[in-house]
Amino acid sequence: MGPLQFQLSGSPGDGPRSLTSALHERLRADILATRLPPGQKLHIAGLAKQFSVSLAAVREALSRLVADGLVQASDQRGFRVSPVSLADLADVTQTRIDIEGLALRRSIERWGDEAWLASVKSAWADLKAVPHRYPDDPTVHYEEWVVRHRIFHRALVNACGSPWLLGFRDVLHEQSERYRRLSIRREVGGKPRNVEAEHKAIVAAVIRRDADAAVRALSKHFGTTKEFVELAASRIAEVSRTT
C-alpha cells in the first residue's frame, strides 16, 4: 500500500473513540475514492503505525467498514478492501435502481412538498456550479463535485418518508461510488457522456411531478454509469492484478 497523505490529528483530550471515528472516516474516504483500490490488503499493524493509534482502534475502524460493506474480513487473510467485479456491478446497479427508484417515486407522489422541491433545485444549482473533473487531470473527479453530487442525489429522495429505505439507499450509493470513480477514466478519450444532461432530465421530471419519467431518467442515469464501468473492465482487471 502506498503512503497515505496525512496523519490523523486531534487535541490532547481526544479519546479512543474519536480517533477510531477519524480513522474510519479517512479509510472510508480513501476506499470510495479508490485511493485504496479494490482488493488492497489492510495491515492492522501498519495502519496503527501510520496513524499513531492503537491496534484496537484500527480493528474497530476496520470492523465498521466491514459492516459498511467496504472491507472484507477473513480469519486466514485478515482485512482487505472489498473487491469489485462486473457481476457485483450489475447487482449493485439493479438493486440501486429498485431501491432509489422507489424512494424517488414516494418522494414525488406522497410526501414531497414545496420545501422539498426547493431543496432539489438548490442542490442541482450547487452541483452545476462546480466542474465535473479537475481541469489539469480529466481522469479524476473534482472533489467538491463529488460532495455536491452525493448531496444532490440524496435530496432527490429525502421526502420518501422511510428512514429504512433511505438507509438501504445510502449503502448502495457508497457501493456504487467506487465503480463511478473507476468509470471516469473511460469517459476521457472514449465514448462521450453528458452527466449534466442526465441530471437535468431527472430534475425536470421531478419538477413536473412526473414520477414515471423521473424514475426512468434515474434508471437510465445509473445504467449509463454501469455501461461506462463495463467499458472500463480492463481498468478493473488492472486494479485487481496490482493488489
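Which helix gives the largest share of the lining of the largest cavity? In this predicted model, the answer is α7, with 5 residues. To see the setting, it helps to walk through the helix packing around α6 and then come back to the empty spaces.

**Helix α6 and its partners**

Two packed helices are described by the angle between their axes and the distance between the axes. Here are the pairs that involve α6.

| Helix pair | Angle between axes | Axis distance |
|---|---|---|
| α5 (residues 114–128) and α6 (residues 143–157) | about 160 degrees | 9 Å |
| α6 and α8 (residues 195–207) | roughly 25 degrees | within 12 Å |
| α4 and α6 | about 60 degrees | 7 Å |

Start with α5. At about 160 degrees to α6, α5 is roughly antiparallel to that helix, because angles over 145 degrees count that way. The crossing of the two is left-handed. On the α5 side, the contact uses W116, S119, V120, A123, W124, D126 and L127, and these meet W145, R148, H149, I151, F152, A155 and L156 of α6. Sorted by class, the residues of this contact come out as 10 nonpolar, 2 polar and 2 charged.

Now for α8. Its axis and that of α6 cross at roughly 25 degrees, which makes the pair roughly parallel, since the angle is under 35 degrees. This crossing, too, is left-handed. From α6 come W145, H149, F152, H153 and L156, while α8 brings V195, H199, I202, V203 and V206. That contact has 7 nonpolar and 3 polar residues, and no charged ones.

Then there's α4. With an angle of about 60 degrees, α4 and α6 are oblique to each other, as that value fits none of the parallel, antiparallel or perpendicular ranges. R96, E100, A103, L104 and S107 of α4 touch H153, L156 and V157 of α6. The class split is 4 nonpolar, 2 polar and 2 charged.

A few α6 residues keep turning up. L156 is in the contact with α5, in the one with α8 and in the one with α4. W145, H149 and F152 take part in the contacts with α5 and α8, and H153 in those with α8 and α4.

**Cavities**

So how many cavities of 30 Å³ or more does a search of the whole structure find? There are 2.

The largest cavity has a volume of about 150 Å³. Its lining counts 14 residues, and R96, S176, R180, F222 and T225 are the closest to the centre. R96 is also one of the α4 residues that touch α6. Besides α7 (163–187), the elements that give two or more residues to this lining are α4 (86–111), α6 and α9 (211–231). By class, the lining has 3 nonpolar, 7 polar and 4 charged residues.

The second largest cavity has a volume of about 50 Å³. Of the 10 residues around it, H132, W145, R180, R193 and V195 sit closest to the centre. R180 also appears among the residues closest to the centre of the largest cavity, and both W145 and V195 belong to the contact of α6 with α8. Here α6, α7 and α9 are the elements with two or more lining residues. The class count is 2 nonpolar, 5 polar and 3 charged.

**The largest pocket**

Last, the largest pocket, with a volume of about 230 Å³. It is lined by 15 residues, and R28, L32, V146, R150 and R181 lie nearest its centre. The elements giving two or more residues to that lining are α1 (16–32), α6 and α7. By class, you get 5 nonpolar, 2 polar and 8 charged residues.

Helices α6 and α7 thus run through the whole account: each gives two or more residues to the lining of the largest cavity, of the second largest cavity and of the largest pocket.

Technical notes: Residues numbered from 1 in each chain as written. Predicted model: local features only at pLDDT ≥ 70, side-chain atom pairs only at ≥ 80, totals over all residues. Heavy atoms only, no water. Axes fitted to C-alpha atoms, helices over the stretch in contact; angles between N-to-C directions. Helix = DSSP H or I, 4+ residues; strand = E, 2+ residues; numbered from the N terminus. Parallel < 35°, antiparallel > 145°, perpendicular 65-115°, else oblique. Left-handed = near helix turned anticlockwise from the far one by under 90°. Contact = heavy atoms within 4.5 Å. Nonpolar A, V, L, I, M, F, W, Y, C, P; charged D, E, K, R; others polar. 1 Å grid on protein atoms, 1.4 Å probe; cavity = no way out; pocket = protein on both sides within 12 Å on 5 of 7 lines; lining within 4 Å. Points joined across faces, edges and corners; volume = space filled by probe spheres on them.
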